[in-house]
Amino acid sequence: MRIGCCRLAALAGAVVVTSRALAGGGTVERAYGPGFAGLIPDNDAIGFLSVISVDESFPVQSVAVRLYGLNHGYCSDLTLELRRPGVTAPALLATNIRNGNSADFNGDYTFTDTGADLWATANGLTGLDVLPPGDYRASGANGVFVNLNGVFGGIDAQGPWVLRIADDDFLVSGSFTGWEIVLGGAPECRAPGADLNGDGVVDTADLGILLGQFGFTCD
Ligand SMILES: [Ca+2]
Ligand SMILES: [Ca+2]
Ligand SMILES: [Ca+2]
């Protein structure tokens with residue numbers, strides 16, 4: 001039995017992580033996702049949009065974006081950005097690396113405020129060289145660092161997070177296999193699914209909701 005049978009999946013898809021905070025307890029970093037992935041449209045101004053919807057409300061303390069299976073033979077074709085629609089402007093994760101670098105993405109790449117310098121790492125790499133998979137700082141035009149925790153710190157985690165990967169040049173195209181967003185500040189304690197009213201307590205109020213909807217079907 002399920003109420004709300006027909007939630008629309010926005011854009012390329014939406015992944016919902018349902019949980020609630022119980023009263024008390026500390027905070028942790030938690031990964032949400034994975035978001036939908038696939039072929040990155042080649043030479044396309046819009047690119048691939050993928051949504052991860054976080055159904056957990058807390059002030060964000062830190063942000064990291066994990067990209068899985070990113071594969072592209074010309075890394076500077078790509079612009080990667082993260083945003084909270086309606087809350088923030090897009091924050092660049094990487095764009096036009098070294099203004100035309102031809103090295104490849106091949107593996108898992110995380111963008112975080114504590115990673116390595118992507119532009120410095122790419123210096124001297126070319127052709128079939130691979131940018132080493134790993135953790136990198138987000139960066140914008142000319143490799144200027146983007147402070148993800150500064151952009152997203154303090155906003156409510158709950159809602160859609162959108163990754164956009166755009167390839168703005170022809171001939172060489174690429175793909176990725178998935179992504180996750182890791183948010184610091186998440187409540188350590190997560191209530192079970194029986195907390196139907198999301199108040200952090202499982203009690204007779206939740207039972208009342210269950211009984212009120214008992215027997216519902218979508219048919
Ligand atoms: Ca290449
Ligand atoms: Ca391309
Ligand atoms: Ca409850």
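Visitor: In β14, which residue is the bridge partner of Gly 35?

Guide: Strand pairing is read one residue at a time, then over the whole strand. In this predicted model, Gly 35 has Trp 179 as its bridge partner in β14. That pair belongs to a longer match: β3 and β14, the latter covering residues 178-187, are antiparallel and share 7 bridges.

Visitor: Which strand besides β3 does β14 pair with over 7 bridges?

Guide: A strand has two edges, and each can be checked for a partner. β14 also pairs with β6, again in the antiparallel sense and over 7 bridges. To find the register on that side, start from Ser 62, which stands opposite Gly 184 in β14.

Visitor: Where does β6 lead from there, and how many bridges join it to β9?

Guide: β6 spans residues 62-72 and is joined to β9 by 6 bridges, the two strands running antiparallel. His 72 of this pairing has Phe 105 as its bridge partner in β9.

Visitor: Which way do β9 and β10 run, parallel or antiparallel?

Guide: Direction is judged separately for each pair of strands. β9 and β10 (residues 130-131) run parallel, with 2 bridges between them. Asp 104 is matched there with Val 130 in β10. β9 and β11 are parallel as well, joined by 4 bridges. In that pairing, Tyr 109 stands opposite Gly 134 of β11.

Visitor: What should one expect of side chains along such strands?

Guide: In a regular strand, successive side chains point to alternate faces of the sheet.

Visitor: How many helices and strands are there in the protein?

Guide: The protein has 3 helices and 15 strands. Contacts can be sorted by separation in sequence. Among contacts with a separation of 6 or more, 75% are between residues 24 or more positions apart.

Visitor: Which peptide bond is cis?

Guide: Omega is the angle to inspect. The bond from Gly 33 to Pro 34 is cis, with omega near 0 degrees. Pro 34 is part of strand β3, which covers residues 27-35.

Visitor: What about phi: what is its sign at Asn 99?

Guide: Phi is read residue by residue, with glycine considered apart. Asn 99 is not a glycine, yet its phi is positive, about 50 degrees. Asn 99 sits in the loop between β8 (91-95) and β9 (104-116). Asn 142 is also not a glycine and has a positive phi, of about 60 degrees. Its loop lies between β11 (134-136) and α2 (148-152).

Visitor: Why does Asn 99 count as exposed?

Guide: Burial is a matter of counting neighbours, and 12 or fewer other C-beta atoms within 10 Å makes a residue exposed. Asn 99 is exposed because it has 11 other C-beta atoms within 10 Å. Asn 142 has 10 C-beta neighbours inside 10 Å, so Asn 142 counts as exposed too.

Visitor: In strand β5, is Phe 48 buried or exposed?

Guide: Phe 48 lies in β5 and counts as buried because it has 22 C-beta neighbours inside 10 Å. Leu 49 is in this strand too, β5 being residues 48-55. With 16 C-beta neighbours inside 10 Å, Leu 49 is therefore partly exposed.

Visitor: How far apart are the C-alpha atoms of Phe 48 and Ser 175?

Guide: Compare the distance in sequence with the distance in space. Phe 48 and Ser 175 are 127 residues apart along the chain, and their C-alpha atoms are separated by 9.5 Å. Leu 49 and Val 162 are 113 residues apart in sequence, with a C-alpha to C-alpha distance of 6.6 Å.

Visitor: How many residues does the largest nonpolar core have?

Guide: Nonpolar side chains in soluble globular proteins tend to be buried together. Here the largest nonpolar core has 45 residues, and Val 65, Cys 75 and Leu 93 have the most contacts inside it. β6 supplies the largest share of this core, 5 residues. Beyond four places in sequence, Leu 93 is in contact with Val 65, Leu 80, Glu 81, Leu 82, Phe 111 and Ala 138. Over the whole protein of 219 residues, 33% count as buried.

Visitor: Where does pLDDT stay under 50?

Guide: Check the average before the stretches. The protein averages a pLDDT of 90, and 89% of the residues score at least 70. Over residues 1-12, pLDDT stays under 50, and the model has 16 contacts for them beyond four places in sequence. Residues 18-23 are also below 50, with 20 contacts in the model beyond near neighbours in sequence.

How values were computed. Residues are numbered from 1 along each chain as its sequence is written. Chains are lettered from A and ligands numbered from 1 in the order in which they are written. This is a predicted model: local features need pLDDT of at least 70, side-chain atom pairs count only at pLDDT 80 or more; totals for chains, interfaces and linings use all residues. A residue is buried if 20 or more other C-beta atoms lie within 10 Å of its own, exposed if 12 or fewer, and partly exposed in between; C-beta atoms are placed from the backbone. Two strands pair if DSSP finds at least two bridges between them. pLDDT is the predictor's confidence in each residue, from 0 to 100. Two residues are in contact if their C-beta atoms, placed from the backbone, lie within 7 Å. A nonpolar core is a set of buried Ala, Val, Leu, Ile, Met, Phe, Trp, Tyr and Cys residues joined through C-beta atoms within 7 Å.
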